Amino acid sequence: MSELKLEFVGKQVKDMYGTFMGKVVGIITDTDGSIESVGVDCGSSGLKQLPYEQLLVQGDYVIYIPRWRLDAQKILRQKNLTLQRIKGLQDIVAENDLMKDDAELVYLKYEKRLHDLGENEKSVNDKLEARLDELDTENKSIKTVLFDAKLQFRSNEITEEAYQQISTHTNELIEHINIEKSEINNVKMRLAQQTLENIALTPRLPSTQSTSNIKATGESSHSHQLESTPTESAPPQLVNATENTAADPNEDKIITKSTKRESDSDSSWLNQVIQNE
């Protein structure tokens with residue numbers, strides 16, 4: 001068995017909010033040997049096959065990333081880039097009216113793409129709303145267990161120690177749910193705020209003569225920022241030993257490398273147009 005597969009087998013699985021899900025018992029591979037899914041023993045819930053692209057290895061644990069999170073980040077990046085391009089075309093035409101006819105065809109292309117993304121965004125929002133409903137149901141169920149434990153303690157059916165243990169575990173689950181709900185609402189807000197009016201284009205690159213000076217200034221500023229930022233405030237980093245995913249430090253989100261390459265390729269077109277204009 002390869003070292004890659006050994007990274008998974010036998011490890012405990014928990015979601016990215018800290019809730020334990022089960023233990024990895026096997027790997028499903030394709031004919032070329034690549035991993036398709038990971039089999040996780042979830043106890044009474046049975047054996048579940050989790051998609052490989054939704055898993056990260058972090059130390060002794062495998063971290064499961066919910067599908068809604070990956071879909072939401074993808075639509076956020078695609079919509080932002082499309083709006084950037086439309087804004088860029090508008091600015092180019094405003095600076096040089098002679099380019100209006102050339103820019104119109106390209107503008108129609110991205111206007112259609114924005115419309116298509118609007119349909120995808122609606123689908124993502126429906127998934128987010130459905131997940132919020134699931135979390136509300138789970139939250140009520142957990143609070144019912146906690147309340148019943150309190151009632152049992154007051155009627156001397158269980159000891160205070162047993163009640164405190166139940167209280168600790170249920171409060172942890174409630175905290176995980178609240179964190180996920182907060183993140184979902186944050187994503188919904190970011191999607192709603194992605195409009196052409198709120199998009200600001202990336203500044204043009206400086207000339208080669210001033211690049212070295214700006215680089216030196218930026219490094220000095222970055223060094224000062226690192227020194228003044230307390231380490232305990234930094235969010236935990238998820239490490240993927242399989243190198244199928246990567247973390248975007250600007251968004252603190254998990255993205256796939258293939259999507260990142262697509263995004264980089266898309267953004268280069270607008271930079272070339274602006275530089276050649």
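This note sets out how the helices pack in a predicted model, which residues form its nonpolar cores, and one loop residue with an unusual backbone angle.

1. Helix 2 and helix 4. Helix 2, which spans residues 67–95, and helix 4, which spans residues 160–193, have axes that come within 11 Å and cross at roughly 20°. Since angles under 35 degrees count as roughly parallel, helix 2 is therefore roughly parallel to helix 4. The crossing of these two helices is left-handed.

2. Residues at that contact. On the helix 2 side the contact is made by W68, R69, A72, Q73, I75, L76 and K79, and these meet E180, E183, I184, V187, R190 and L191 of helix 4. Sorted by class, the contact of helix 2 with helix 4 holds seven nonpolar, one polar and five charged residues.

3. Helix 3 and helix 4. The axes of helix 3 and helix 4 lie 9 Å apart, and the two helices pack at an angle of about 165°. Because angles over 145 degrees count as roughly antiparallel, helix 3 and helix 4 are roughly antiparallel to each other. Helix 3 passes helix 4 in a crossing that is left-handed, and the contact between helix 3 and helix 4 comprises 17 nonpolar, six polar and 11 charged residues.

4. The nonpolar cores. The largest nonpolar core numbers 16 residues, and those with the most contacts inside it are W68, I75, V124, L128, I184, V187 and L191. Two or more residues of this core come from each of helix 2, helix 3 (100–154) and helix 4, with helix 3 giving the largest share, six residues. A second core, separate from this one, has 13 residues and includes F8, V38, V40 and Y52.

5. The surroundings of W68. Which residues does W68 contact, once its neighbours within four places in sequence are left aside? They are Y17, L128, R131, E180, E183, I184 and V187. Among these, E180, E183, I184 and V187 also appear on the helix 4 side of the contact with helix 2, while L128, I184 and V187 are listed, like W68 itself, among the residues with the most contacts inside the largest nonpolar core.

6. The loop residue N156. Most residues other than glycine have a negative phi. N156, although it is not a glycine, has a positive phi of about 60°, and this residue lies in the loop between helix 3 and helix 4. Is N156 buried or exposed? With a relative accessibility of 69%, N156 counts as exposed, because the cut-off for that class is over 50%.

Technical notes: Residues numbered from 1 in each chain as written. Predicted model: local features only at pLDDT ≥ 70, side-chain atom pairs only at ≥ 80, totals over all residues. Heavy atoms only, no water. Axes fitted to C-alpha atoms, helices over the stretch in contact; angles between N-to-C directions. Helix = DSSP H or I, 4+ residues; strand = E, 2+ residues; numbered from the N terminus. Parallel < 35°, antiparallel > 145°, perpendicular 65-115°, else oblique. Left-handed = near helix turned anticlockwise from the far one by under 90°. Contact = heavy atoms within 4.5 Å. Nonpolar A, V, L, I, M, F, W, Y, C, P; charged D, E, K, R; others polar. Core = buried A, V, L, I, M, F, W, Y, C linked by side-chain atoms within 4.5 Å. Buried < 20%, exposed > 50% of the residue type's maximum accessible area, 1.4 Å probe, protein only.
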